[in-house]
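Please open the structure in your viewer and keep the sequence panel visible. The tour proceeds by selection, one stop at a time.

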Amino acid sequence: LAPASLTKIMTSYVIAVELEESRISLSDEVPVSVSAWRTPGSRMFIREGTKVRLEDLLRGIIVQSGNDASVALAEYIAGSEEAFADIMNAHASELGMENTVFENSTGLPGEQHVSSAYDLAILTRALIKRFPEIYSMYAERSFSYNNIEQPNRNRLLWRDRRVDGVKTGHTRDAGYCLAASATQDGMRLISVVMGAENDQDRMRESQQLLSYGFRYYKTHKLYDSNETIKSARLWYGTSEEVELGVLEDVFVTIPRGRYDQMDANVDLVSVIEAPVVRGQKFGELRVILDDEIIYSSDVRVLNSIDEAGF
């Protein structure tokens, strides 16, 4: 479906990556081109020929859904909006967004500019986990630039205390869209509604999805990062055993009351020989519920061990 301004979640994700790689900074002064100034649709009202602090433009994208700010930053990062769209598509591919093609940074209609609710949930999860500081801007209820204050269009921020994001969108082709995220009792859920008939519908449907998830599902922590899941025989090493585990915390979200029905299987290679290096992969962890794999991760060496001498 046409994603409208939910596109800007990817725009902010790309900007966050560029910030992380130190190719840009929040204090940069970004020039505003004629094309950025003339971009139709929602705006933060930047003026052609001026320079705007990058952090202000980022908030203009996230809080005010400014198409003009999106184009200005796309041109600043990639030279043109078309080149920026290529970067967006590269990140979409890396994240496994198989039903997504971006043609621009704004979400304005394009012939092939499409995404899916599932893909946008993947993107939102990646943004929240990898860039929490950038994501925190999505909870801001308003932003003022050039003496013009505009409210965040996500009215769930006022209606539901659990909600701290994410983004609204609307065009004639896309209808009313809303990606939302909320936390309750340590569990975070993401909902994506696309193609609603009006703002009230997208807000109501999003709240119903989140409430359903919190009522009927629960998140469990299965393993800590660097926790030993299995010990295996090590050949030709200074130690006879090697400890194996996962390098990040393992969480699963399942229907309430089903915890005891899960199985965790660890498949290892048949022979492990020294030397081994921390992080080296020697198997896979699979968590299974109802004959379906609900979580999988590489099983890796937790401590490096040298090869033994004579």
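The stops below visit a hairpin, a helix, a pocket and a sheet.

This is a predicted model, in which local features need pLDDT of at least 70 and side-chain atom pairs count only at pLDDT 80 or more, whereas totals for chains, interfaces and linings use all residues. Residues are numbered from 1 along each chain as its sequence is written, and side-chain values use heavy atoms, with hydrogens and water left out.

**Stop 1: the hairpin**

Select residues 142-145, strand β3, and residues 148-151, strand β4; the two run antiparallel and are joined by four bridges. Strands (E, at least two residues) and helices (H or I, at least four) are DSSP runs, numbered from the N terminus, and two strands pair if DSSP finds at least two bridges between them. Phe-143 has Gln-150 of β4 as its bridge partner. Which side chains of β3 are buried? Phe-143 and Tyr-145, which point to one face, are buried, while Ser-142 and Ser-144 point to the other face and are not. Buried means under 20% relative accessible area (1.4 Å probe, protein chains only), exposed over 50%, and partly exposed in between. Two residues lie between the strands of this hairpin, and Asn-146 takes a positive phi near 55 degrees.

**Stop 2: helix α6**

Next, select residues 117-130. The 14 residues of α6 should span 20 Å at 1.5 Å a residue, and this agrees with its end C-alpha atoms, which are 20 Å apart; the expected span is 1.5 Å times one less than the number of residues. Its buried residues include Leu-120, Leu-123 and Leu-127. Among the elements covering the buried residues of α6 are α1 (7-20), α5 (81-95) and β6 (175-184), where contact means heavy atoms within 4.5 Å.

**Stop 3: the largest pocket**

Keep α6 selected: eight residues, the largest share of the lining of the largest pocket, come from this helix. Now add Arg-125, Arg-188, Leu-189, Ile-190 and Thr-253, which lie nearest the pocket's centre among its 33 lining residues. The elements that each supply at least two lining residues include β7, α9 (199-216) and β8 (217-223).

**Stop 4: the open sheet**

Finally, select the five strands of an open sheet, ordered β9-β10-β14-β13-β12 with antiparallel pairing. Because β9 (228-233) and β12 (263-268) stand at the edges with a single partner strand each, one side of each has no neighbour in the sheet. β9 pairs with β10 (residues 241-245) over five bridges, and Thr-228 stands opposite Gly-245 in β10.

Methods:
1 Å grid on protein atoms, 1.4 Å probe; cavity = no way out; pocket = protein on both sides within 12 Å on 5 of 7 lines; lining within 4 Å.
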